[in-house]
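Hi,

Here is the structure I promised to pass on to you. Have a look at it first, and then read my notes underneath.

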Amino acid sequence: MIKIFLSDDDPFFLSLEKEVVEHIIADNKLNAKLSGAARSGAELLRLSDIDGDSLLFMDIDYGANQPNGIDITAALKKRGSKAKIVYTTNHSELAMKVLKSGTEPFGFLEKDCDIKKLSDSIGRYIQMALRLSAEEHADVYERRIISLKTGVGEQAELCMQDILYLESEKGISHGITYRTDNGSVITVISTLDNEAKKLDDNFVRVHRSFLANQSHMIGMRGGYIVMSDQSEIPCSLKMRSEIKKWLKKT
């Protein structure tokens with residue numbers, strides 16, 4: 001999800017931005033939320049969750065004796081934020097100042113009170129940020145490799161993206177089997193709870209004996225979840241409605 005922050009010293013324009021952003025998110029059912037709005041750079045810097053999945057529409061000029069957009073960007077970077085920043089201004093010379101500073105803007109937004117023009121510009125940046133975030137997370141996910149101890153001095157590596165589900169083996173004491181979309185089967189001595197700690201939030205405990213990757217769920221058939229390889233795994237009664245809701249969103 002993209003978190004959107006707004007900051008402008010003009011209360012009218014800030015209110016207009018908020019209205020436009022909320023309508024864009026609601027009308028297009030975007031995976032984004034308006035997380036904060038600030039009237040000054042100091043107020044903006046008090047917000048602690050402006051991170052890599054944040055899109056910030058920020059004024060360049062907050063007035064005399066106030067930190068400007070370049071100063072605030074430097075402060076955000078110093079604390080490790082990788083927020084995507086769109087600078088708002090009506091002055092081309094200020095935009096040029098941003099570029100000369102070495103700051104890498106995500107873009108520039110003209111302070112325009114024309115609702116349609118403003119909506120088109122803000123909407124374009126939100127869509128760009130969503131696409132970029134999806135690509136960044138996909139790259140990270142594809143590189144997530146977990147190591148499994150399969151025996152004394154023996155290990156196997158699996159790409160997290162390839163894992164379909166984990167199953168607790170009835171015939172092996174504390175045996176947990178990993179099944180992947182390419183047909184690989186790897187069994188380790190552990191528990192589902194311990195193995196879940198190695199995985200991300202995409203893995204859900206769907207049954208007392210199964211931990212499944214939501215990315216590979218494609219449907220429900222009776223009390224069973226259909227996985228991307230057409231295999232079926234049991235789903236507990238209490239989890240069925242939740243899994244069905246999740247499937248409807250995808």
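Let's start with helix α4, where Ser 92, Glu 93 and Lys 100 are exposed on one side. Across from them, Leu 94, Ala 95 and Val 98 are buried. Why do these three count as one side of the helix? They cover an arc of only 105 degrees around the axis, which puts them on the same side of α4. There is a handy rule behind this: an α-helix has 3.6 residues a turn, so residues three or four places apart point the same way. Keep in mind as you read on that this is a predicted model.

Now scroll back to helix α1, which runs over residues 11-28 and has 18 residues. From its first C-alpha to its last it reaches 26 Å, close to the 26 Å expected at 1.5 Å a residue. Which of its residues are buried? They are Phe 13, Leu 14, Leu 16, Glu 17, Val 20, Val 21, Ile 24 and Ile 25. These residues cover an arc of only 160 degrees around the axis, so they sit on the same side of α1. On the other side of α1, you'll find Phe 12, Ala 26 and Asp 27 exposed.

Both ends of this helix have something to show you. Asp 10 caps the N-terminal end of α1, with a side-chain oxygen 2.9 Å from the backbone nitrogen of Phe 12. Just after α1, Lys 29 takes a positive phi of about 50 degrees.

One residue in α1 to click on is Leu 14. Its relative accessible area is 7%, and because buried means under 20%, Leu 14 counts as buried. Try picking Phe 57 as well: Leu 14 and Phe 57 are 43 residues apart along the chain, yet their C-alpha atoms are separated by 9.9 Å.

Last, the pockets. Rolling a probe the size of a water molecule over the atoms shows where empty space is left. The second largest pocket has a volume of about 230 Å³. What lines this pocket? There are 14 lining residues, and Lys 77, Lys 82, Ala 83, Lys 84 and Glu 104 lie nearest the centre. Helix α3 (69-78) and strand β4 (84-89) each supply at least two residues of the lining. Sorted by class, the lining has seven nonpolar, three polar and four charged residues.

Happy browsing!

How values were computed. Residues are numbered from 1 along each chain as its sequence is written. This is a predicted model: local features need pLDDT of at least 70, side-chain atom pairs count only at pLDDT 80 or more; totals for chains, interfaces and linings use all residues. Side-chain values use heavy atoms; hydrogens and water are left out. Helices (H or I, at least four residues) and strands (E, at least two) are DSSP runs, numbered from the N terminus. The expected span of a helix is 1.5 Å times one less than its number of residues. Buried means under 20% relative accessible area, exposed over 50%, partly exposed in between (1.4 Å probe, protein chains only). The arc is that of the directions from the helix axis to the C-beta atoms. A polar contact is a pair of N or O atoms within 3.5 Å; within protein, one must be able to donate a hydrogen and the other to accept it, and residues adjacent in sequence count only if both atoms are side-chain atoms. On a 1 Å grid over the protein atoms alone, a cavity is a set of points where a 1.4 Å probe fits but cannot get out, and a pocket is an open set with protein on both sides within 12 Å along at least five of seven lines; lining residues have an atom within 4 Å of a point. Grid points are joined across faces, edges and corners, and a volume is the space filled by probe spheres set on the points. Ala, Val, Leu, Ile, Met, Phe, Trp, Tyr, Cys and Pro count as nonpolar, Asp, Glu, Lys and Arg as charged, and the others, Gly among them, as polar.
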